[in-house]
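Here is a short tour of one protein model. Keep the sequence and the 3D view open while you read.

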Amino acid sequence: MKKAQLKTALLTSVVVAAALGMSSIASASILTNGSFENPGVSGYEFLTPEELLGWKSTGDVEFWNRDIGAQPNGPAPADGSQYLELNSRDGGPYSIFQSFDSVIGTIYEVSFAYSARANTNPAEEFSFYFGDVNGSGDTFNIANGNTNDWTNPTYNFMATSETSKIAFTAIVPSTGTVGNFLDNVIVIDAPEPGTLALLGLGLAGLGAARRRQKS
Ligand SMILES: [Ca+2]
């Protein structure tokens, strides 16, 4: 390999490594236990707020594990082997939420999977909140009529506080033990267009360098 080729190859490696590094940082969720995999349960189990990892809740929630003792009334997990049923015990309305450190002015991408519970009234509904811990954020009411399959919405939000919060709260049903499955809740720093554009320019520059060497 000629010296110039070696230099280009090394430079390419650096840029590719940087790109891979960026993508792994960008894809790491800020949330803890967003897929409801911990603690592992057998079949389905009610968990008290004290038993939850990462999340807080206004009351007991229910974790389902579909690898152990598969249940007939829910879909396969959207991610991993467990998911959450928001309505779990009499009482309610049920809310599960998590706070995380955020940078004011930064855009965060939030995605999750939801499904209505099969074999019940499919007209389920829950609210999704993103904002500061005091509640002055955005709330979306989501009709949840898709049974035995997942719907995967994605939202972008700008943080207005150094501590942000997401929350899911049951609306229909607001009481009772059945309804509103959630899984694979992910919060990431949304990739900034400027960073991607710079990376693109870098790769284009490498291509130009290669073309110059060949000529
Ligand atoms: Ca999961």
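Helices (H or I, at least four residues) and strands (E, at least two residues) are DSSP runs, numbered from the N terminus. The model is predicted: local features need pLDDT of at least 70, side-chain atom pairs count only at pLDDT 80 or more, and totals for chains, interfaces and linings use all residues. Residues are numbered from 1 along each chain as its sequence is written, and side-chain values use heavy atoms, with hydrogens and water left out.

## Two sheets

Start with the strands. Strands of a sheet pair through backbone hydrogen bonds, either parallel or antiparallel. Here, two strands count as paired if DSSP finds at least two bridges between them.

One open sheet holds six strands in the order E1-E3-E4-E11-E6-E9, with antiparallel pairing. E1 and E9 are its edge strands, and each pairs on one side only. On average, neighbouring strands of this sheet are turned by 35 degrees against each other, direction ignored. For such angles, axes are lines fitted to C-alpha atoms, for helices over the stretch in contact, and angles run from 0 to 180 degrees between N-to-C directions. Four bridges join E1 and E3 in the antiparallel sense. Leu47 stands opposite Val61 in E3.

Another open sheet has five strands, in the order E2-E5-E10-E7-E8, again with antiparallel pairing. Why is one side of E2 and of E8 left without a neighbour in the sheet? Strand E2 (56-57) and E8 stand at the edges, and each has a single partner strand. E5 and E10 run antiparallel and share seven bridges. Phe97 has Ala167 in E10 as its bridge partner.

## Cores

Now look at the nonpolar side chains. Buried means under 20% relative accessible area, exposed over 50%, and partly exposed in between (1.4 Å probe, protein chains only). A nonpolar core is a set of buried Ala, Val, Leu, Ile, Met, Phe, Trp, Tyr and Cys residues joined through side-chain atoms within 4.5 Å.

The largest nonpolar core has 30 residues. Trp55, Phe112, Phe128, Ile166 and Phe168 have the most contacts inside it. The elements that give two or more residues to this core are E3 (61-65), E5 (95-101), E6 (107-115), E7 (124-132), E9, E10 and E11. Which strand gives the most? E6 does, with four residues. Another core lies apart from it, with five residues, among them Trp64, Ala113, Trp150 and Phe181.

Phe112 touches many residues, including Phe126, Phe128, Tyr155, Phe168 and Asn184, not counting residues up to four places away in sequence. Contact means heavy atoms within 4.5 Å.

## Calcium and a salt bridge

The calcium ion is coordinated by atoms of Ser35, Glu37, Asp79, Gln82 and Asp183, at 2.3 to 3.1 Å. Donors are N, O and S atoms within 2.8 Å of the metal (3.2 Å for Na, K and Ca); water is not among the atoms, so sites may look incomplete. Along the chain, the donors follow the spacing S-x1-E-x41-D-x2-Q-x100-D. Glu37 in the loop between H1 and E1 and Asp183 in strand E11 are 146 residues apart. Glu37 is partly exposed at 22% relative accessible area, whereas Asp183 is buried at 0%.

A salt bridge is a side-chain nitrogen of Lys or Arg within 4 Å of a carboxyl oxygen of Asp or Glu. By this rule there is one salt bridge. Arg117 forms it with Glu85, and the closest N and O atoms are 3.0 Å apart. Arg117 lies in the loop between E6 and E7 and Glu85 in strand E4 (residues 82-85), so the pair ties together parts that are 32 residues apart in sequence. Arg117 is buried at 13% relative accessible area. Glu85 is buried too, at 0%.

## Backbone exceptions

Most residues other than glycine have a negative phi, and most peptide bonds are trans. The table lists the exceptions discussed here.

| Site | Backbone value | Place |
|---|---|---|
| Asn38 to Pro39 | cis, omega near -5 degrees | Pro39: loop between H1 (3-27) and E1 (44-47) |
| Val172 to Pro173 | cis, omega about -10 degrees | Pro173: loop between E10 (163-172) and E11 (181-189) |
| Asn148 | phi near 60 degrees | loop between E8 (138-144) and E9 (154-158) |
| Asn184 | phi near 55 degrees | strand E11 |

Are the two asparagines with positive phi buried or exposed? Asn148 is partly exposed, with a relative accessible area of 43%. Asn184 also counts as partly exposed, at 23%.
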